[in-house]
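User: Could you take a close look at one helix pair in this model for me? I'd like to know how the two helices pack and what their contact is made of.

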Amino acid sequence: MNKFNYQENIPNNVNLNDNLSLQRALEQWQPKFQNWWKNMGPDGFQNSDVYLRTATSVDSAGWASYGKVKMPDYRWGIFLAERSKDKKIGFGDFKNQPVWQQVPGDYRSILRRLIVTQGDTEPASVEQQRMLGKTCPSLYDLRNLFQINVEEGRHLWAMAYLLHAYFGRDGREEADGLLERHSGDKDNPRILGTFNEPITDWVSFIMFTYFTDRDGKFQLKSLAESGFDPLARTCQFMLTEEAHHMQVGETSITRMIDKTLETMKNNNSDSESKIRSYGAIDLPTIQKYINFWFSSSLDLFGSESSSNAATAFANGLKGRPDERQYGDNMELDTSYLIESHENGKIVNKEVPTRNAMNEITRIAYIKDCEIGVKRWNRMIQKSGFDFTLSLPSSRFRRNIGIWSEMNFDINGKIITKAKYKNNIFSWIPSETDKDFINSLMVQVTEPGKTASWISPPSRGINSLEINYKYVDIK
Ligand SMILES: [Fe+2]
Ligand SMILES: [Fe+2]
């Protein structure tokens with residue numbers, strides 16, 4: 001039997017070589033992971049050579065190497081940001097006490113739940129995206145898809161590492177569970193709703209990377225504040241990779257809109273049918289995809305007022321993103337105004353700040369989402385057309401939290417269920433819209449060529465040419 005070589009196969013900065021019990025645990029898990037990748041990872045392309053970035057250290061000057069790799073041979077590593085000396089807990093009841101290097105006994109199950117919930121999203125997105133290679137708009141995009149997929153695989157490794165290293169037997173069981181639940185599975189689905197939504201077209205994929213990976217950024221930032229230091233440092237390093245996922249989202253949506261505007265200009269028309277007939281995507285349809293993925297991603301933050309969130313904050317396990325920006329990191333007796341409803345009317349309601357952590361984080365997320373929307377609107381304005389993209393109201397189409405029992409229009413106005421049902425497909429993609437989008441999804445694999453609905457990228461990867469052969473398809 002071939003012995004698995006840790007040093008060679010799992011780049012890491014957790015002394016894996018010297019940690020026999022962790023090696024033994026991962027020995028069991030690693031083949032299950034490989035199996036999962038084979039069955040649930042990208043469909044096809046497993047023999048293709050892909051120009052990929054691999055994390056090899058946490059040195060900010062050069063933390064990754066680039067080169068052609070077959071995806072099953074990707075070196076999924078375990079990296080934690082460097083440990084800083086005398087680090088103190090930054091928030092909650094234990095503020096200013098030393099961070100924990102081991103799991104505090106009292107908070108074992110809540111910490112485990114936080115790690116499992118985060119860990120579950122990583123393989124889920126790989127599963128959601130597994131068919132997209134068949135309809136890639138270019139080799140460059142295909143490579144970006146696979147880059148994201150292998151990095152989500154590495155994020156799964158990061159969370160599985162924490163479970164194996166710090167949670168004993170139940171950690172091992174949970175790490176197995178991460179490979180056993182599957183996106184959209186009727187009997188054993190992924191934990192969070194958005195991660196069970198099918199992603200069968202590239203417009204959904206680029207919206208997902210803009211909106212849903214950005215939720216990931218905010219969750220990771222909150223966990224990077226954790227008093228449980230191994231979790232904090234793991235998430236800090238994951239954020240380095242996550243930035244690229246969101247950048248793929250932002251630049252891809254920009255390229256899609258660019259193509260739409262070019263088509264509108266060339267034909268001096270904003271007619272939906274005309275734009276569509278030229279193989280570009282009309283702006284109202286793009287707006288519908290924004291509405292869908294934004295509203296779905298908002299649910300990932302949880303209820304506006306949450307006792308779980310309050311407990312995680314009080315115990316120093318999960319903070320707010322960039323906790324240092326707040327003057328008060330204890331929020332002991334403070335309160336926060338959230339929007340709520342009473343007798344069918346929207347009212348402001350005061351809740352303890354600790355209970356409002358989800359909402360505070362969601363609001364920061366929405367602000368971050370708006371940056372791209374502003375940029376896209378400037379492009380539209382510059383091209384001389386009268387159209388404004390916008391984010392829907394955060395009350396629209398919510399399935400979790402205080403708005404989930406009510407119906408709202410896109411502007412957040414309360415409407416009847418009947419009105420909502422009658423209008424929903426003027427706000428989110430209808431079957432006809434989806435059919436049209438699917439009709440555009442044709443695979444383009446000639447180097448330097450790009451599908452009709454999206455402009456070519458403005459530059460290549462890691463200073464390579466745009467028409468470099470980013471994937472040798474085999
Ligand atoms: Fe991730
Ligand atoms: Fe991601």
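Analyst: Happy to! Helix 2 passes helix 4 in a right-handed crossing, where right-handed means that the near helix is turned clockwise from the far one by less than a right angle, and left-handed that it is turned anticlockwise. Helices here are DSSP runs of H or I with at least four residues, numbered from the N terminus. This is a predicted model, so local features need pLDDT of at least 70 and side-chain atom pairs count only at pLDDT 80 or more, while totals for chains, interfaces and linings use all residues. Residues are numbered from 1 along each chain as its sequence is written, and chains are lettered from A and ligands numbered from 1 in the order in which they are written.

Now the geometry. Helix 2 covers residues 20-40 and helix 4 residues 139-166; their axes lie 11 Å apart at an angle of about 150 degrees. That makes helix 2 roughly antiparallel to helix 4, a term used for angles over 145 degrees. The axes are lines fitted to C-alpha atoms over the stretch in contact, with angles running from 0 to 180 degrees between N-to-C directions.

As for the contact, helix 2 brings Leu22, Ala25, Leu26, Trp29 and Trp37, and helix 4 answers with Gly153, Ala160, His164 and Ala165. Residues are in contact if their C-beta atoms, placed from the backbone, lie within 7 Å. By class, seven of these residues are nonpolar, two are polar and none is charged. Nonpolar covers Ala, Val, Leu, Ile, Met, Phe, Trp, Tyr, Cys and Pro, charged covers Asp, Glu, Lys and Arg, and the others, Gly among them, are polar.

Conventions: Helix = DSSP H or I, 4+ residues; strand = E, 2+ residues; numbered from the N terminus. Parallel < 35°, antiparallel > 145°, perpendicular 65-115°, else oblique. Contact = placed C-beta atoms within 7 Å.
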